[in-house]
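The following exercises concern the sequence and model shown below. Each task is followed by a solution in steps.

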Amino acid sequence: MSKPHYDREHHVKKATGIGDPQCFKGEAPAARFKVGDKVRIKDLPDLFYTRTQGYTRGAEGTISRLVYESPPAEDESWDNTENVEWFYSLVFDMQELWPNYPEAYAGDTVETEIPEHYLEAV
Amino acid sequence: MSSNDKEHLHPPAPVVDEVSDFEVLEIAVRELAIEKGLFTQEDHNQWTDYMHTLGPAPAARLVAKAWLDPEYKKVCVEDGVKASLDVGIDWVNTMPTKFGTPSDYCNLRVMEDTPTLKHVVVCTLCSCYPRPILGQSPEWYRTPNYRRRIVRWPRQVLAEFGLQLPEDVEIRVVDSNQKSRMIVLPVRPEGTEGWTEDQLAEIVTRDCLIGVAVPKPGVTANGKRPVRPAVNPYKH
């Protein structure tokens, strides 16, 4: 019986000399959102791993930049790099995220990056 | 022989008398990896040497250059990785692994402050930090205390760092949760007119680059610390 072969080096081979996330450039389908769009973060179920913070879920934010293309961390943590998508930098008002954030500082914001499949248009 | 003398006869306690579970785990995994041929002891030495000689000097240089050259500032904000090349940091090729580590991806964003907008960087989910250009993160940056409070009460936490911002300055907390790493490009302070790049780079300390401080003329990382007399000095 032959041993099953897992290619444990596919990411290393792909990223060496190019960089990550640069090595996924051009692999994502066309971006569904553009800078300035208002979006809401979906509260998707995650099995064991996510990098979409609890505090952003259900909140509305504004896209400030399309940052790069990459598989989402939720897939990549299981070595699945097939579903490359656009990542967006989003700006959230503090008052949208936290209860009782002082009115005097209504301009305070949080900026963070979220992959496309978490976003829905508002 | 008094009891006091007896205490002095004890052998000195070792500096580290206990190895933590995580250290045991790290050593075990490392030795297994070397035995299995995944990497060699030389690879490991090269990597630790690389990691421990990094520091914030290149990022301070980047900020000083951006203050002096508006064209370079545009490059910084558009493409931090490209801008880093001018201060001697190649995010892809200077790493011993040739593409960053799994936790240090190759995307740098330079967050530009304005007189009415102040950025401060955190990683609420773990402790992501732009190590290739800023070195190892300070201990407080990794603590749950800083990570969970700065996104919720940024003004109070910055005040604890000694940075009290007026109401007309908006705070933007940048949570580095994916593959980008961030540094802050602060506003060039008053009183630095006509300064050279070297002079400017000196006042851009690590804390200014994380965003918990603002650069001030005369405040440098290598400045002299004040020496204060002891309150109850020992009388000889």
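Two strands pair if DSSP finds at least two bridges between them, where helices (H or I, at least four residues) and strands (E, at least two) are DSSP runs numbered from the N terminus. The model is predicted: local features need pLDDT of at least 70, side-chain atom pairs count only at pLDDT 80 or more, and totals for chains, interfaces and linings use all residues. Residues are numbered from 1 along each chain as its sequence is written, and chains are lettered from A and ligands numbered from 1 in the order in which they are written.

**Exercise 1.** Determine the sense in which β1(A) and β5(A) run, and describe the surroundings of β1(A).

Solution.
- Step 1. β1(A) and β5(A) run antiparallel and are joined by 3 bridges. In β5(A), A:Glu120 is the bridge partner of A:Arg40.
- Step 2. β1(A), residues 38–41, also pairs with β2(A), in the antiparallel sense over 3 bridges. Here A:Lys38 stands opposite A:Thr62, and A:Val39 has A:Gly61 as its bridge partner.
- Step 3. The covered face of β1(A) holds A:Val39 and A:Ile41, while A:Lys38 and A:Arg40 form the uncovered one.

**Exercise 2.** Give the strand order of the open sheet of 7 strands, and identify its edges.

Solution.
- Step 1. The order is β5(A)-β1(A)-β2(A)-β3(A)-β4(A)-β3(B)-β2(B), with mixed pairing.
- Step 2. β5(A), residues 119–121, and β2(B), residues 117–122, stand at the edges; each has a single partner strand, so one side of each lacks a neighbour in the sheet.
- Step 3. From one strand to the next the twist averages 40 degrees, with axes being lines fitted to C-alpha atoms, for helices over the stretch in contact, and angles running from 0 to 180 degrees between N-to-C directions.
- Step 4. Between the chains, β4(A) pairs with β3(B), residues 170–175, in the parallel sense over 4 bridges. A:Val110 stands opposite B:Val173 there.

**Exercise 3.** State how many residues each chain gives to the contact, and which elements chain A uses.

Solution.
- Step 1. Residues are in contact if their C-beta atoms, placed from the backbone, lie within 7 Å.
- Step 2. Chain A gives 26 residues and chain B gives 26 residues. On the side of chain A, β2 (60–70) and β4 (109–115) are the elements that give two or more residues, and β4(A) provides the largest share, 5 residues.

**Exercise 4.** Describe α4(B) and its part in the largest nonpolar core.

Solution.
- Step 1. A residue is buried if 20 or more other C-beta atoms lie within 10 Å of its own, exposed if 12 or fewer, and partly exposed in between, with C-beta atoms placed from the backbone. A nonpolar core is a set of buried Ala, Val, Leu, Ile, Met, Phe, Trp, Tyr and Cys residues joined through C-beta atoms within 7 Å.
- Step 2. Of the 65 residues in the largest nonpolar core, B:Val63, B:Val120, B:Val204 and B:Leu209 touch the most other members. The largest share of this core, 7 residues, comes from α4(B), residues 57–68.
- Step 3. The buried residues of α4(B) include B:Leu62, B:Val63 and B:Trp67. Among the elements covering the buried residues are α5 (70–78) and α10 (197–203) of chain B.
- Step 4. Beyond its neighbours within four places in sequence, B:Val63 is in contact with B:Leu185, B:Pro186 and B:Val204.

Methods: Two residues are in contact if their C-beta atoms, placed from the backbone, lie within 7 Å.
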